[in-house]
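Biologist: Mind if I quiz you on how the labels in this one were assigned? Let's put it up.

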Amino acid sequence: ELSSVVKELVRAVTACRAELSEKQTQLADAVHNRAAAEVATEAAVADVEKLQGELAVARGRAEAREKRVRTLRGRLQELHAQDRALHAESDNSSWRPGHER
């Protein structure tokens, strides 16, 4: 009777040790996965910050280009107006009474 109780206790202890070992392995895996996730998160945050900086630079360049285009368009309009004025002046100076313009 005593030996069967001892055998049952040994089986129970062995089962508990196996379960404990499995839980320790699961815990170690979870700790490793969490650490890997934290590293990945830090890398992703760094990537996002880098991209935000690059986006800010690109926006600044785009705004500068837009301003330059507006300036050039204004200058082009001025030149067109001067060109029209010169043509009108040229047409008026070459016109003589009795001749078609």
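Biologist: What makes Lys50 exposed rather than buried?

Modeller: Its relative accessible area is 54%, and exposed means over 50%, buried under 20% and partly exposed in between (1.4 Å probe, protein chains only). So Lys50 counts as exposed. Bear in mind that this is a predicted model, where local features need pLDDT of at least 70, side-chain atom pairs count only at pLDDT 80 or more, and totals for chains, interfaces and linings use all residues. Residues are numbered from 1 along each chain as its sequence is written, and side-chain values use heavy atoms, with hydrogens and water left out.

Biologist: Why is the contact of Glu54 and Lys50 called a salt bridge?

Modeller: The rule asks for a side-chain nitrogen of Lys or Arg within 4 Å of a carboxyl oxygen of Asp or Glu. Here N to O is 3.9 Å, so the pair makes the cut. Glu54 and Lys50 are 4 residues apart in helix 1, so about one helical turn separates them.

Biologist: And what makes Arg34 and Glu38 a salt bridge?

Modeller: Their closest N and O atoms are 3.1 Å apart, and that puts the pair within the cut-off too. Arg34 is exposed at 58%, whereas Glu38 is partly exposed at 41%. By this rule the count comes to 3 salt bridges.

Biologist: How do you know that the chain isn't a compact globule?

Modeller: Its radius of gyration, taken over C-alpha atoms, is 43 Å. The globule rule, 2.2 Å times the number of residues to the power 0.38, gives near 13 Å for 101 residues. The C-alpha trace spans about 145 × 20 × 10 Å, and buried residues make up 0% of the chain.

Key. Helices (H or I, at least four residues) and strands (E, at least two) are DSSP runs, numbered from the N terminus.
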